[in-house]
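Welcome to my notebook. I opened a structure that was new to me and jotted down what I looked up, one entry at a time.

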There are 4 protein chains.
Amino acid sequence: MKKIETNYKTTVEFYDLDPMNVVWHGNYIRYLEAARCDMLEKIGYTYEDMRKENNAYPVAKMELKFIKSATFKQRLNVKTTLQELEPALIIKYEITDEETGKKLFQAQSMQIRVNIETGETIYNASESFLKKIEEYKE
Amino acid sequence: MKKIETNYKTTVEFYDLDPMNVVWHGNYIRYLEAARCDMLEKIGYTYEDMRKENNAYPVAKMELKFIKSATFKQRLNVKTTLQELEPALIIKYEITDEETGKKLFQAQSMQIRVNIETGETIYNASESFLKKIEEYKE
Amino acid sequence: MKKIETNYKTTVEFYDLDPMNVVWHGNYIRYLEAARCDMLEKIGYTYEDMRKENNAYPVAKMELKFIKSATFKQRLNVKTTLQELEPALIIKYEITDEETGKKLFQAQSMQIRVNIETGETIYNASESFLKKIEEYKE
Amino acid sequence: MKKIETNYKTTVEFYDLDPMNVVWHGNYIRYLEAARCDMLEKIGYTYEDMRKENNAYPVAKMELKFIKSATFKQRLNVKTTLQELEPALIIKYEITDEETGKKLFQAQSMQIRVNIETGETIYNASESFLKKIEEYKE
């Protein structure tokens, strides 16, 4: 399978911060989700497309590694890599300071394809998802 | 209509705090929602019951007044008063320090009954909601 | 005082949504804060500048009006207007669909200048804040 | 080192839910933090005590495993186990349905002791933290 890599930019807002004046660790999950949805949009297979095919991709596992804390108004780049598609969707994330390139955070998520109606797990990707990935151009 | 007043207790968690080491102002909305759901549960007309009747009560208006900031592990009491039911659901909230009774915050919300399927606004409460309120005993 | 009006654009993310598949009402507070910080940055008087002058501007009041619900990936424009500066900072917000211009939400916030060290309320704006506003060009 | 195990109870609120009508995956981090603070309170070594000793324990790693989704008003039990204290604080979490005992989620966090002023990493626990753990009675 072709590896796809996209970049999503975001800025740390005041509501992201905790009393140590850095991003509260749980808020990185939001950055990851926004970056993942951005990647799926660029591929052309969005949550909307999943639903039309009766699919959902709930998150089954996540590994988070906090390297250096991010601060107010810091510009972040979330590099998102589609690692595996079958039997499960595995995505890697790397958050760096947009300006310096310094690595702040990395993570990996595993999502499993589920039939919304039956709740059944499906271990391969849909034809249309695979096709979109094949057609993807950077 | 009978005025109903309930009390909901909660504790300030670390994730509620902002860099000033006090509850971030937007997080009070969560306290209000938890208190409101608690009141509806005590009345016996929950979101589940609403849905069965094809109703939703989206929030249409909110007024928030921040009086004194709340801090880590502070025990809060949210006094919730069902003010009006028709033509719209109006609820008042008052957050005090559980121990001292000192007032920290007050708010008011207006919610409008909507038919989930048609999206139509309905200006009276359902029979079953009214009945539950009549039957409510403190 | 010169009225200042800025526009901040944002996109509805999946984590913003509630079970009705629309933005959870409490999340609008985040949009407002991001828009407010963006306006202060454009004016050139940021939270950082406030702190250097020993000032904070905690939110004292908010009025929120929910007109039409926003949905996944909808592009929003938050028009932010600096309405009054003294005795308190009053800002108005209007959220519209970026494409159609349809109004979805409006709000007003009141923030009070406080000396961080003494906790004392101050009813006028600092010289430097006033100067930045005078110098502001759209 | 003595293993310490505590239990923290919480209820799923409406604001925790996503469009699939289940707890949004990122919100489990809040449950974990509340359970962890509860454990530290029971041990008698709180964030406040840490700060007095110039310590912070930022989260360095997390592993999350989502087993079964939680729904509105579900009562959850977060079993929290202090696994290791040195060279890093390792805590395990298991979220079960309070009534049925069915496992919904499990996680592990690693936190590293840091001197707040110097930013320096410290690979052992403070005397007072160790003493509190020794004295802990279930």
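My entries below go from confidence to chain contacts, and then to a helix and a small sheet.

**Entry 1: confidence.** I began by noting that this is a predicted model. For chain A, I found a mean pLDDT of 96, with 99% of its residues at 70 or more. For the complex, I copied down the predictor's ipTM of 0.95 and its pTM of 0.97.

**Entry 2: chain A with chain D.** I asked how many residues each chain brings to this contact. I found 15 residues from chain A and 15 residues from chain D. On the side of chain A that touches chain D, H1 and strand S3 (59–66) each supply at least two residues. The largest share there is that of S3(A), with 8 residues. By residue kind, that side of chain A has 9 nonpolar, 2 polar and 4 charged residues.

I then looked at how the strands meet across this contact. S3(A) pairs with S3(D) in the antiparallel sense, over 5 bridges. I picked out Lys65(A) and found its bridge partner in S3(D) to be Lys61(D).

**Entry 3: the turn from A to D.** I looked up how chain A can be laid on chain D. A turn of 180° with a shift of 0.0 Å along the axis does it, at an RMSD of 0.0 Å. Which C-alpha of chain A is nearest the axis? I found that of Glu63(A), 2.3 Å from it. The same surface serves both copies, as 100% of the contact residues of chain A recur in chain D.

**Entry 4: chain A with chain C.** Here I counted 9 residues of chain A in contact with 9 residues of chain C. The largest share of chain A's side comes from helix H1 (residues 28–43) of chain A, which gives 4 residues. I sorted the residues on that side of chain A into 6 nonpolar, no polar and 3 charged.

I checked the symmetry here too. Chain A is superposed on chain C by a rotation of 180° with 0.0 Å of shift along its axis, with an RMSD of 0.0 Å. The two copies are therefore related as by a two-fold rotation axis. In chain A, the residue that comes closest to this rotation axis is Thr10(A), with its C-alpha at 5.4 Å. The same surface serves both copies again, since 100% of the contact residues of chain A recur in chain C.

**Entry 5: helix H1 of chain D.** I compared an expected length with the model. At 1.5 Å a residue, the 16 residues of helix H1 (residues 28–43) of chain D should span 22 Å, and the end C-alpha atoms are 23 Å apart, which agrees. Next I listed buried residues of H1(D), among them Tyr28(D), Leu32(D), Arg36(D) and Leu40(D). What covers the buried residues of H1(D) includes H1 of chain A, along with strands S1 (4–11) and S3 (59–66) of chain D. After H1(D) comes Gly44(D), whose phi is positive, near 95°.

**Entry 6: a sheet in chain A.** I found an open sheet of 3 strands in the order S2-S7-S8, with antiparallel pairing. Strands S2 (55–56) and S8 (121–122) of chain A stand at the edges with a single partner strand each, so one side of each is left without a neighbour in the sheet. Strand S7 (residues 113–115) of chain A is joined to S8(A) by 2 bridges. In S8(A), I found Ile122(A) as the bridge partner of Arg113(A).

Key. Residues are numbered from 1 along each chain as its sequence is written. Chains are lettered from A and ligands numbered from 1 in the order in which they are written. This is a predicted model: local features need pLDDT of at least 70, side-chain atom pairs count only at pLDDT 80 or more; totals for chains, interfaces and linings use all residues. Two residues are in contact if their C-beta atoms, placed from the backbone, lie within 7 Å. Ala, Val, Leu, Ile, Met, Phe, Trp, Tyr, Cys and Pro count as nonpolar, Asp, Glu, Lys and Arg as charged, and the others, Gly among them, as polar. pLDDT is the predictor's confidence in each residue, from 0 to 100. Copies are superposed by least squares on the C-alpha atoms of residues with pLDDT of at least 70 in both. Two strands pair if DSSP finds at least two bridges between them. The expected span of a helix is 1.5 Å times one less than its number of residues. A residue is buried if 20 or more other C-beta atoms lie within 10 Å of its own, exposed if 12 or fewer, and partly exposed in between; C-beta atoms are placed from the backbone.
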